[in-house]
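Student: Could you help me learn how to read a protein model? I would like to go through it feature by feature.

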Amino acid sequence: MNNNLQKVTVKLADGKFCLAGGASADDLNPKALMLCATAKCAGLTIMALLEKRGNPKPKSMEITVEGQLNTPTLRGDSVYESFEVIYNVECHRLEDQEPISQAVERAQERTCGMVAMLRKIAPVSHVIEVVSTE
């Protein structure tokens, strides 16, 4: 197995999902752009699910999508062998954890179109961490 892991993180800031660390989409290679699009799509899907049900919005959210390439270096013919989506969500109150966790799980498993597309390319695993500041 090689170590060519592509990784992109987006954070919720002022109601929008932006690349972490002040990066720009122009800084990403095309394969990383696909990971970025997946992270942003998942985040927007979660927020829409919460709004649709009248649930509270999270205090903060960070979504990281990692993709393992089949080549030791990034090349034009590199393809993804696996993906992992990592959700880190902070709630305002303890009782917000359950509805937010459900929205994240639903987005991951059923409603995010980009995650569904990744599944057609390679296996997708996920980690969900939801905490409250209460």
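Tutor: Happy to! Let us begin with a single residue: Cys 91 counts as buried, because its relative accessibility is 0% and buried means under 20%. Keep in mind that this is a predicted model.

Student: Where does Cys 91 lie, and which residues does it touch?

Tutor: Cys 91 lies in strand 4. Leaving out residues up to four places away in sequence, Cys 91 touches Lys 59, Asp 96, Gln 97, Ile 100, Val 130, Val 131, Ser 132 and Thr 133. You can also set sequence against space: Cys 91 and Arg 110 are 19 residues apart in sequence and 22 Å apart in space, C-alpha to C-alpha.

Student: Let me try a helix. Is Leu 35 buried or exposed?

Tutor: Leu 35, found in helix 1, is buried, with a relative accessibility of 0%. Not counting residues up to four places away in sequence, its contacts are Gln 6, Lys 7, Val 8, Val 65, Glu 66, Gly 67, Tyr 80 and Phe 83. The C-alpha atoms of Leu 35 and Met 117 are separated by 11 Å, although their positions lie 82 residues apart along the chain as a spacing.

Student: And what about Cys 36?

Tutor: Cys 36 is in helix 1 too, and with a relative accessible area of 12% it is buried. Beyond residues up to four places away in sequence, Cys 36 touches Val 8, Val 10, Leu 19 and Leu 28. For one of these, Val 10, the C-alpha separation from Cys 36 is 7.3 Å, with the two residues 26 apart along the chain.

Student: How do I read which side of a helix faces inward?

Tutor: Here is the general idea: an α-helix has 3.6 residues a turn, so residues three or four places apart point the same way. Now the case here: Met 114, Val 115 and Leu 118 are buried in helix 3, residues 113–121. These residues are on the same side of helix 3 because they cover an arc of only 100° around the axis.

Student: What do the buried residues of helix 3 pack against?

Tutor: They pack against helix 1, strand 3, strand 4, helix 2 and strand 5.

Student: How do I describe two helices that pack together?

Tutor: Two packed helices are described by the angle between their axes and the distance between the axes. For helix 1 and helix 3, the angle is about 135° and the axes are 7 Å apart. That angle makes helix 1 oblique to helix 3. Helix 1 contributes Met 34, Ala 37, Thr 38 and Cys 41 to the contact, while helix 3 contributes Gly 113, Met 114, Val 115, Leu 118 and Ile 121. These residues divide into 7 nonpolar, 2 polar and no charged.

Student: How many residues are in the largest nonpolar core?

Tutor: There are 35, and Ile 46, Met 61, Ile 63 and Tyr 87 have the most contacts inside the core. Helix 1 gives the largest share, 9 residues. As an example of the contacts, Ile 63 touches Val 8, Phe 17, Ala 39 and Ile 46, among others.

Student: Last one: what should I look for in a backbone angle?

Tutor: Most residues other than glycine have a negative phi. Asp 14 is not a glycine, yet its phi is positive, about 55°.

Student: Where is Asp 14, and is it buried or exposed?

Tutor: Asp 14 sits in the loop between strand 1 and strand 2. With a relative accessible area of 83%, Asp 14 is exposed.

Terms used:
Residues numbered from 1 in each chain as written. Predicted model: local features only at pLDDT ≥ 70, side-chain atom pairs only at ≥ 80, totals over all residues. Heavy atoms only, no water. Buried < 20%, exposed > 50% of the residue type's maximum accessible area, 1.4 Å probe, protein only. Helix = DSSP H or I, 4+ residues; strand = E, 2+ residues; numbered from the N terminus. Arc of directions from axis to C-beta. Contact = heavy atoms within 4.5 Å. Core = buried A, V, L, I, M, F, W, Y, C linked by side-chain atoms within 4.5 Å. Axes fitted to C-alpha atoms, helices over the stretch in contact; angles between N-to-C directions. Parallel < 35°, antiparallel > 145°, perpendicular 65-115°, else oblique. Nonpolar A, V, L, I, M, F, W, Y, C, P; charged D, E, K, R; others polar.
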